[in-house]
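Dear colleague,

Please find the structure handed over below. My notes on its contents follow directly after it.

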Amino acid sequence: MFFADCHTHSSCSPDGSIPMAEMARTAVQYGLSCLTLTDHCDLLSLEGEPTPTFDWSPLRVQRTEMLARYGTQLDLPYGLEFGCGHLDPAASDKILAEPGLDFVIGSVHNLSPAAGGKDFYFVPYESTEDCVRALDDYFASLLVLAAGPYYDVMGHIIYPLRYMTGDFDKPDLRRWRDEIHEILRLAAESGRGIEINTWKGQTLGEWLPIVREFRSVGGEFVTVGSDAHATEPIGRGVREAYQMMRDCGFRYVAVYHERKPDMYKLD
């Protein structure tokens, strides 16, 4: 069975610690057909300061070693998780001109600059109201990102929910039904896709209404990724996500090469 994990991070990400070659070695051991390393590039720092440049050199060095050791054993597309690309078009164009780039996940990890720009991981969620404010800001940013050119798939659309774990009622995403519908419609109509981000196998059921809605607006391209930042979680939840896709009417999963989707049948 074809088995691809299209969202993973190596030590080239600030929150990763495992070299690319080690990630690839584990993917081979686990029987993956494809592993896409999508290391972080964000146009805002964790505290919300602009970061308009990106040094590709560490990725190039590690990727060369990884391909030499494992490039004949599995597919290893050249990926990037690109955060808040809509904030600085000139910087985005320059960063994404990297030769050989295969795949760009468009993400929003931060509050908007007007709201302080802090990474959602560091936002204090002390009440349902705090969560609602953060999600209002988040989906407004995603709408702008979805309308632009700086992604191949929209990354982890339900991202902030993973940090809203306090002793309060987590907001119901139906509150943002119109915004989510428009984000998915924009991605579908521009020929782009979405990802099912299993967050190391911890989020699956939450994706069902998103995947159904993407299908209903004509969405075709869906990737699946574990968001693993270490070797052990590689591939977690991917098989279950494939079954969810089948249940929602999808027959193929996408893997990107040269910024275009190649389609693999969901056996």
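In what order do the strands of the open sheet run, and is their pairing parallel or antiparallel? The model is predicted, so local features require pLDDT of at least 70 and side-chain atom pairs pLDDT 80 or more, whereas totals for chains, interfaces and linings use all residues. Residues are numbered from 1 along each chain as its sequence is written, and side-chain values use heavy atoms, without hydrogens or water.

The open sheet has 7 strands in the order 1-2-3-4-5-6-7, with parallel pairing; strands are DSSP runs of E of at least two residues, helices runs of H or I of at least four, numbered from the N terminus, and pairing requires at least two DSSP bridges. Strand 1 (4-8) and strand 7 (222-225) are at the edges with a single partner strand each, so one side of each has no neighbour in the sheet.

In helix 2, the buried residues (under 20% relative accessible area, 1.4 Å probe, protein chains only) are Leu59, Gln62, Arg63, Met66 and Tyr70. They lie on the same side of helix 2, because their arc around the axis is only 105 degrees, taken from the directions from the helix axis to the C-beta atoms. The face turned away from this buried side carries Val61, Thr64 and Ala68, which are exposed (over 50%). The buried residues of helix 2 pack against helix 1 (20-29), strand 2 (34-42) and strand 3 (78-83), with contact meaning heavy atoms within 4.5 Å.

Strand 5 (residues 153-154) and strand 6 (residues 193-197) pair in the parallel sense over 2 bridges, and methionine 154 is placed opposite isoleucine 194 of strand 6.

With kind regards
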